[in-house]
Structures are given as C-alpha cells and as structure tokens.
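Please open the model in your viewer and keep the selection panel at hand. The stops below take up strands and charged side chains in turn.

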Amino acid sequence: MSDYKMIPCEHYDYLELACLRGYQLKIELLDGTQCQGQAITTQTRADKTEWLVIQQQTQHALRLDHIVAITPADANAEFGRVLIATKQD
C-alpha cells in the first residue's frame, strides 16, 4: 500500500521480542480502539506492509503503522509500554 509508513527499527525490535517471548499485549490503535492478545509473529506482505499477528480466540493481523502503543501484560516482561506509531495528519 502506498500510504504505509514504516515504523522505526527500534520499535520493531520490541514487537519481535514480544513475539519471541509470547507476551500477552494490550494494543492501542490509531482509531482509538484497544485489543489484547498473545504476540505470535510479524509479517511482511507482498505490498511491503508489515503486520503483527496476535492470538485471541482466533489469529488477527494488525498493520504496524496502525498501532499506537503496546504494553505487555506479563509480570516479568522485559519492557513496559512502547509507543509504536503516532497519529498521522
């Protein structure tokens, strides 16, 4: 998608760590909604958009530039709340 905005590499690293550890994440989205799920993997699709796959009752993919912040729910998580993307004009 031509409107996709890549997120900074250091933020991507937190997403990868969350997937590696299988953290339960509270996820805040640009549209103001929130969801929670277990981080499974990240994906890069043919159109070069990047996605976070989470497990709820089923798997869902969230476009990375639509994620405002992630917060691990795990007590021993290696990081706290991380801002991923900012609201776009």
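Two strands are said to pair if DSSP finds at least two bridges between them. With that in mind, and remembering throughout that this is a predicted model, select strands β3 and β4, which form a hairpin with three residues between them. The two strands run antiparallel and are joined by five bridges. For one of these positions, display L52 in β3 together with L62, its bridge partner in β4.

Keep L52 on display and extend the selection to the other side of β3. Here strand β2, residues 34-44, pairs with β3 in the antiparallel sense over six bridges, and T42 has L52 as its bridge partner in β3. L52 can therefore be shown with a partner in each direction, since T42 is bridged to L52 and L52 is bridged to L62 in β4. β2 and β3 also form a hairpin, with five residues between them. In the turn of that hairpin, select K48, which has a positive phi of about 75 degrees.

Is strand β3 largely enclosed or largely open? Select residues 50-55 to consider this: five of the six residues of β3 are buried, so the strand is largely enclosed by the rest of the structure.

Next, move to R63, which is placed in strand β4, residues 59-63. R63 counts as buried because its relative accessibility is 6%, which falls under the 20% limit used for that term. Show the side chain of D65 as well, since the side chain of R63 makes a polar contact with it at 2.6 Å. Then add D3, which forms a salt bridge with R63, the closest N and O atoms being 3.6 Å apart. Because D3 lies in the segment before α1 (9-21) and R63 in strand β4, this pair ties together parts that are 60 residues apart in sequence. D3 is partly exposed, with a relative accessible area of 44%, whereas R63 is buried. With these side chains on screen together, you have D3, R63 and D65 linked in a network of salt bridges.

How many salt bridges does a search of the whole structure find? The search finds four, and two further pairs deserve a stop of their own.

For one of them, select R21 and E78, which form a salt bridge with the closest N and O atoms 2.4 Å apart. This pair links distant parts of the chain, as R21 is in helix α1 and E78 is in the loop between β5 (67-72) and β6 (82-83), 57 residues apart. R21 is partly exposed, with a relative accessible area of 45%, and E78 likewise counts as partly exposed, at 48% relative accessibility.

For the other, select E28 and R81, whose side chains meet in a salt bridge at 2.9 Å, N to O. Distant parts of the chain are linked here as well: E28 is in strand β1, residues 24-29, and R81 is in the loop between β5 and β6, with 53 residues separating the two. E28 counts as buried, at 15% relative accessibility, while R81 is partly exposed, with a relative accessible area of 48%.

Key
Residues are numbered from 1 along each chain as its sequence is written. This is a predicted model: local features need pLDDT of at least 70, side-chain atom pairs count only at pLDDT 80 or more; totals for chains, interfaces and linings use all residues. Side-chain values use heavy atoms; hydrogens and water are left out. Helices (H or I, at least four residues) and strands (E, at least two) are DSSP runs, numbered from the N terminus. Buried means under 20% relative accessible area, exposed over 50%, partly exposed in between (1.4 Å probe, protein chains only). A polar contact is a pair of N or O atoms within 3.5 Å; within protein, one must be able to donate a hydrogen and the other to accept it, and residues adjacent in sequence count only if both atoms are side-chain atoms.
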